[in-house]
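Work through the exercises below with the sequence and the model open. Try each task before you read its solution.

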Amino acid sequence: MSITVFSIAVLATSIGAGAVGAILGLGGGILLIPILTVFYGVDLHYAMGASIVSVIATSSGAAASYLRTGLSNLRLGLFLVIATITGALVGALLAGVVPVRVLELILGLALSYSAFTTVKQLRDELPESLPDHPLALRFDLGGSYHDLRLQREVAYRAQRVVHGFAAMFGAGLLSGMLGIGSGAFKVLAMDYLMRLPMKVSTATSNFMIGLTAAASASIYWSRGDIHTLIAAPVAIGVLVGAYLGTTLMARMRNTTVRKLFLPIVVYLALSMIVRGLGLHLP
Amino acid sequence: MSALRSTFSVEQLVARVLLAGGLLGIALVLLGLGLYAAHGGFHHHVLLLNRPPAGNPPGVFVSVRQVLDGLRRRPIEPLAVSALGLVLLMVTPVVAVAAAVPAFWWMGDRRYTIIAAVVLAMLVLSATLAGSVH
């Protein structure tokens, strides 16, 4: 494949990955890595290097827009990312000590339960209002945004802050130990545990994933995993896709975002269980 | 001053930093690719999609020094310009948090000044630890 054809194909793929990533609060690695390796024959290391660039580009593009419109909550993101980065650092230290397959199996089962709860919540446009959590008040973990779809201002405040913080630590821990992105876990923790509107959860996750990816980007860089000719079209495409994604997501219902998110959780749950059981699918 | 504070928002500042960093990074990536095309790179080179057993192919930079060397070379190394754009893109989230620290302080939000400073310190620490592994 010539460099020109390769670059155009990767650019087009990355626009799609950026749009999906921006809507669902994921880095896009879950889509990009398999496509780059299986369809374009890119070395796994270069694909992972391109993926880390993709996560940061999606996050910068999407969060810039979501912070302006109030969908992404800066204080909530900064508060929770402390738990995620701490978890990732601890996870990196524990990598190789704790059996990975047991972890993957536990994670797969936890995700299966999350998929089940996501199905139960499919019709909930906004979470029911509950009494304010003292920590949410203390750390100002709430806000409001103008919902373009509902045509009204939506106010929200985080619930079960301790649970959410612990889940974010767990997400970081798994990221550090398994080397996987944790955008989906962040979204689940905010949506299910902290009872935040789905759109706020994915938009805030978008801001957070950029920070955690930036923390680990230097390892990919110094290892020689970031190939400019592969990462460049990815970065351009993903940034364009993220812009399109934010425009689309602002006009979507929370229930629509959740429906789009469900297959990702199911896929992640199954792939973790398969890996945990040591099965090799063709 | 208080009127300025009432219209200022840390969120807007962080959003601007993220947007500016993203756009500037992409502009450099595009400029580098444009120069690469002008030098006939898209026609002359064959893209190696597999990592060679030793050394790095053209287009892979493993340190900022290598990128700067490429920028100083005459004629300039086009892919070093794109690599500089990628580096800028990768540090943008960290710069955004760094901008949030004084912004929260100026707004009188001491709690989030500390939280943003802790996040910044953790980002720098983990980037340093990650970089020193290899």
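## Exercise 1: Contacts and folds of the two chains

**Task.** Find how contacts in chain B divide by distance along the sequence, then describe the make-up of each chain.

**Solution.**

Step 1. Take the contacts in chain B between residues at least 6 apart in sequence: 62% of them join residues at least 24 apart. This is a predicted model.

Step 2. List the elements of chain B. There are six helices and zero strands. From the N terminus the order is α-α-α-α-α-α. Of the 134 residues of chain B, 40% count as buried.

Step 3. Turn to chain A. Here the tally is 11 helices and two strands. Along the sequence the pattern reads α-α-α-α-α-α-β-β-α-α-α-α-α.

Step 4. Check how compact chain A is. Its radius of gyration is 18 Å, and the globule rule gives 19 Å for 282 residues, so chain A is as compact as a globular protein of that length. Its C-alpha atoms fill a box of roughly 55 × 40 × 30 Å along the principal axes.

Step 5. Add burial and contacts for chain A. Of its 282 residues, 58% count as buried. Among its contacts with a separation of 6 or more, 82% are between residues 24 or more positions apart.

## Exercise 2: Confidence

**Task.** State the confidence scores of the model and of each chain.

**Solution.**

Step 1. Start with the whole model: ipTM is 0.89 and pTM is 0.90.

Step 2. Go chain by chain. Chain A has a mean pLDDT of 88, with 98% of its residues at 70 or more. Chain B has a mean pLDDT of 88, with 90% of its residues at 70 or more.

Step 3. Look inside chain A. Among its elements, helix 5 has the lowest mean pLDDT, 84, and helix 10 the highest, 93.

## Exercise 3: Where the chains meet

**Task.** Describe the side of chain A that touches chain B.

**Solution.**

Step 1. Count the residues. In chain A, 48 residues are in contact with 47 residues of chain B.

Step 2. Find the elements. Those giving two or more residues to this side of chain A are helix 1 (3–24), helix 3 (44–69), helix 4 (74–94), helix 9 (198–222) and helix 10 (228–250). Helix 3 of chain A gives the largest share, 12 residues.

Step 3. Sort by class. This side of chain A has 31 nonpolar, 13 polar and four charged residues.

Step 4. Pick one residue of chain B. B:V10 lies in helix 2 (residues 10–38) of chain B. It touches A:L74, B:A100, B:A103, B:F104 and B:M107, leaving out residues up to four places away in sequence.

Step 5. Judge its surroundings. B:V10 has 23 other C-beta atoms within 10 Å, so it is buried. B:A100 is 90 residues from B:V10 in sequence, yet their C-alpha atoms are 6.3 Å apart.

## Exercise 4: The two sides of a helix

**Task.** Test the length of helix 5 of chain A, then work out which residues are buried and which are exposed on the opposite face.

**Solution.**

Step 1. Compare lengths. Helix 5 of chain A covers residues 100–120; at 1.5 Å a residue its 21 residues should span 30 Å, and because its end C-alpha atoms are 30 Å apart, the two agree.

Step 2. List the buried residues of helix 5 of chain A: A:E104, A:L107, A:L111, A:S114, A:A115 and A:T118. They cover an arc of only 105° around the axis, so they sit on the same side of the helix.

Step 3. Look at the face turned away from that buried side. It carries the exposed residues A:V102, A:Y113 and A:K120.

Step 4. Find the cover. What covers the buried residues includes helix 7 (161–178), helix 8 (183–193) and helix 11 (254–276) of chain A.

## Exercise 5: Unusual backbone spots

**Task.** Locate a cis peptide bond and two positive phi values.

**Solution.**

Step 1. The cis bond joins B:R74 and B:P75, with omega about 0°. B:P75 is in the loop between helix 4 (64–72) and helix 5 (78–106) of chain B.

Step 2. A:Q151 is not a glycine, and its phi is near 60°. A:Q151 lies in the loop between strand 1 (142–147) and strand 2 (152–157) of chain A. It has 7 C-beta neighbours inside 10 Å, so it counts as exposed.

Step 3. A:R160 has phi near 40°. Its loop runs between strand 2 and helix 7 of chain A. With 18 C-beta neighbours inside 10 Å, A:R160 counts as partly exposed.

Terms used: Residues numbered from 1 in each chain as written. Chains lettered and ligands numbered in written order. Predicted model: local features only at pLDDT ≥ 70, side-chain atom pairs only at ≥ 80, totals over all residues. Contact = placed C-beta atoms within 7 Å. Helix = DSSP H or I, 4+ residues; strand = E, 2+ residues; numbered from the N terminus. Nonpolar A, V, L, I, M, F, W, Y, C, P; charged D, E, K, R; others polar. pLDDT = per-residue confidence, 0-100. Expected span 1.5 Å × (residues − 1). Buried ≥ 20, exposed ≤ 12 C-beta atoms within 10 Å, placed from the backbone. Arc of directions from axis to C-beta. Rg over C-alpha atoms; globule rule 2.2 N^0.38 Å.
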